[in-house]
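Dear colleague,

Please find below the structure I am handing over to you, together with its sequence. A summary of what was found in it follows.

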Amino acid sequence: MYELKNYSETAVRNMLQDYIKHTGIPCTCDLCQADITALVLNRLPAKYAVSLRGQILTHWESQSVIDQTRILSEIVRATQLVAAYPSHPKEETN
Ligand SMILES: [Zn+2]
């Protein structure tokens with residue numbers, strides 16, 4: 001089964017995990033992490049490739065450098081937004 005894989009999503013997920021590990025975010029629950037990932041991806045160009053069972057088959061976009069500085073600044077922005085307006089009541093995060 002051929003699937004479409006978005007490199008930007010993989011990059012954002014990896015960088016968010018690094019950011020949580022090294023800097024930390026106010027709430028690390030699955031919902032807040034998903035909210036941050038969605039906010040960041042909505043502001044980045046998608047980079048799709050064709051994959052088969054997780055293995056990338058097309059490589060023409062994989063050489064293009066994903067702008068890590070841009071992703072990081074979007075992660076910082078999204079983290080602040082989600083911290084200010086979490087999708088769940090703030091009390092539950094304590
Ligand atoms: Zn949360």
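In which helix is the place of Glu74? Glu74 belongs to helix α3. Before more is said about this residue, please note that the model is predicted.

**Overall layout**

The chain contains three helices and three strands, and along the sequence these follow the pattern β-α-α-β-β-α. Of its 94 residues, 13% count as buried. Among the contacts in the chain with a separation of 6 or more, 79% are between residues 24 or more positions apart.

**Confidence**

The average pLDDT of the chain is 88, and 85% of the residues score at least 70. Among the elements, α2 has the highest mean pLDDT, at 98, whereas strand β3 (residues 55-56) has the lowest, at 73. Where pLDDT is low, the predicted coordinates should not be read in detail.

**The nonpolar core**

Nine residues make up the largest nonpolar core: Val12, Leu16, Cys32, Ile36, Val40, Ile71, Ile75, Ala78 and Val82. At least two residues of this core come from each of α1 (7-22), α2 (30-42) and α3 (68-84). Helix α3 supplies the largest share, four residues. One member of the core, Ile71, touches Ala11, Val12, Met15, Val40, Leu44 and Ile66, leaving aside residues up to four places away in sequence.

**How α1 and α3 pack**

How do the axes of α1 and α3 cross? They come within 10 Å and cross at roughly 60 degrees; α1 is therefore oblique to α3. The crossing of these two helices is right-handed. On the α1 side, Ala11, Val12, Met15, Leu16 and Tyr19 take part in the meeting, and on the α3 side Gln68, Ile71, Leu72 and Ile75.

**Glu74 in its surroundings**

To return to the opening question, Glu74 lies in α3. Is Glu74 buried or exposed? Glu74 is buried, because 20 other C-beta atoms lie within 10 Å, and the cut-off for a buried residue is 20 or more. Not counting residues up to four places away in sequence, Glu74 touches Val40, Arg43 and Leu44. Of these contacts, Leu44 is 30 residues from Glu74 along the chain, and the C-alpha atoms of the two are separated by 8.6 Å. Leu44 is also among the residues that Ile71 touches, as is Val40, which is itself one of the core residues.

With kind regards

How values were computed:
Residues numbered from 1 in each chain as written. Predicted model: local features only at pLDDT ≥ 70, side-chain atom pairs only at ≥ 80, totals over all residues. Core = buried A, V, L, I, M, F, W, Y, C linked by C-beta atoms within 7 Å. Buried ≥ 20, exposed ≤ 12 C-beta atoms within 10 Å, placed from the backbone. Contact = placed C-beta atoms within 7 Å. pLDDT = per-residue confidence, 0-100. Axes fitted to C-alpha atoms, helices over the stretch in contact; angles between N-to-C directions. Parallel < 35°, antiparallel > 145°, perpendicular 65-115°, else oblique. Left-handed = near helix turned anticlockwise from the far one by under 90°.
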